[in-house]
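Colleague: I have some questions about the terms used for this model. Please set each value against its definition.

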Protein chains: 2
Amino acid sequence: MRDDPDFDVRMFLPYLLNQAAEAASLEFQNVYKDRYGMLRNEWRVLFHLGIYGRMTASDIGARAQMHKTKISRAVQRLAERRYLVRTRDDSDRRVEHLDLTKMGQKVYADLRSTARDYDAALVEGLPTEDADRLRSQLVALAARRG
Amino acid sequence: MRDDPDFDVRMFLPYLLNQAAEAASLEFQNVYKDRYGMLRNEWRVLFHLGIYGRMTASDIGARAQMHKTKISRAVQRLAERRYLVRTRDDSDRRVEHLDLTKMGQKVYADLRSTARDYDAALVEGLPTEDADRLRSQLVALAARRG
DNA sequence: AGGTAATAGTTGTATTTGTAACTAACAAGG
DNA sequence: CCTTGTTAGTTACAAATACAACTATTACCT
C-alpha cells in the first residue's frame, strides 16, 4: 500500500513486452496485410505450415499457443484464398490435415524473406550474442505457463 | 523465394515478442480483472496516473503510445467506478485533467505491489544484470517508430 | 454392444477494438 | 471579426476476439 521507490511500474516486464511486441508487430503486419490481405492469425498459421509442412489445426494450436477458434477462422480464410487445402483423415474422420498449396508456399516464401530482412533491421546494431540471448530469454518467458 | 536455412521464422523477433508478451500479460491480467473488474487499457491509464499524478488524456496517449479512443473509453469506465475524476481546464476548455481519487490510489497501490511481486517471479533465476539488459532492450524496441 | 466421456473442429453471441467521422474549443492570418 | 486550420476528446459503425455451446466422431469401460 505504501509508495515503493524500489519498483518502477514503467519497467514492469509485462508492460514492456507489450509495448515492444506491439511496436514490432505493426510494421510487419502492414506487409502481409497490404500485400496479401492477411490477418495476424492467418500469417501465423501460414508460417507454421510453411515450416513444419502438413499439420492439423490442433497441432498448430499446441505449437503456437493459439486458441482453436482463432485457428478455425484463420484456416477458413486461408482456404478461401487457396493458400491451403484441407484433407480429412480416413482413420480418424474428426481430424483434418492442412497443406499449403503452391500459391501458399510462394506467399510463405515471400513473407519469410521479408521477415528475415525486418528481423535483421530490428537487431541492427546489437551484437549477435546479445540478440541471441534476447531471443532465448523471450522463448523462456513464452514457455512459462501458469 | 528459395529456402533459407539461415533464417528460422520460429526465432522471428516480432513473433517471440508476441508470445512472451501474451504469456506474461495473462496472469497479471487476471489479477486486475478479477479483483477490480478492469480491462488492460484501464489498468494502463490507472498506473500512468498513479506514477505521474494529474495528466490529460493526450498526455497519457503520448506516454503509453495508446490511441485516444482507447483512452477515452478507459477513462470513462474508470470515472464510473470512481477511480478518477475529470476536471475541465479553465484556460483551455477542450482539455480535461484527470486525477485519481482516494479509492483509485488505493487500487493503484495494491496492483502495483502485486505487479512488483509478479515481475520478480518473471525474472527469478535471471541475474539482475541480465534482467536489466532485457528491460532496456525492450525499451529500445518499443521506442522504434516507423 | 451400450452408455459415458473425451477430442476435433465449428458456430453463436456478447465484448472489445480499429478507423473514420464527428463536436467543441482554440489559434492564426487577413 | 471572419475564415481556415488545428487540437482535445467523443461517438458510430465495421471488424476482430473471447467464451461458451454446439456437432460429429472416436475412445473407454462395464
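Colleague: What share of the 146 residues in chain A is buried, and what makes a residue buried?

Modeller: Buried residues are 32% of the 146 in chain A. A residue is called buried if 20 or more other C-beta atoms lie within 10 Å of its own, exposed if 12 or fewer, and partly exposed in between; the C-beta atoms are placed from the backbone. This is a predicted model, where local features need pLDDT of at least 70 and side-chain atom pairs count only at pLDDT 80 or more, while totals for chains, interfaces and linings use all residues. Residues are numbered from 1 along each chain as its sequence is written, and chains are lettered from A and ligands numbered from 1 in the order in which they are written.

Colleague: How do you know whether chain A matches a compact globule?

Modeller: Set its radius of gyration against the rule. The radius is taken over C-alpha atoms, and the rule is 2.2 Å times the number of residues to the power 0.38. For 146 residues that is near 15 Å, but chain A has 18 Å. Along the principal axes, its C-alpha atoms fill a box of roughly 60 × 35 × 25 Å.

Colleague: What makes up the pattern of chain A?

Modeller: Six helices and three strands, in the order α-α-β-α-α-β-β-α-α. These are DSSP runs numbered from the N terminus: helices are H or I with at least four residues, strands E with at least two.

Colleague: How many residues of chain B are in contact with chain A?

Modeller: 39 residues of chain B, against 39 of chain A. Contact requires C-beta atoms, placed from the backbone, within 7 Å. On the chain B side, α1(B) gives the most, with twelve residues. That side divides into 25 nonpolar, six polar and eight charged residues. Ala, Val, Leu, Ile, Met, Phe, Trp, Tyr, Cys and Pro count as nonpolar, Asp, Glu, Lys and Arg as charged, and the others, Gly among them, as polar.

Colleague: Which residues are closest to DNA strand C?

Modeller: A:A57, A:S58, A:S72, A:R94 and B:R93, out of 19 that surround the strand. A residue is near a strand if its C-beta atom, placed from the backbone, lies within 6 Å of it. α4(A) gives the most to this surface, four residues. By class, the surface has four nonpolar, seven polar and eight charged residues.

Colleague: And which element gives the largest share near DNA strand D?

Modeller: α4(B), with four residues. Strand D is surrounded by 19 residues, B:R94 and A:R93 being among the closest.

Notes
Contact = placed C-beta atoms within 7 Å.
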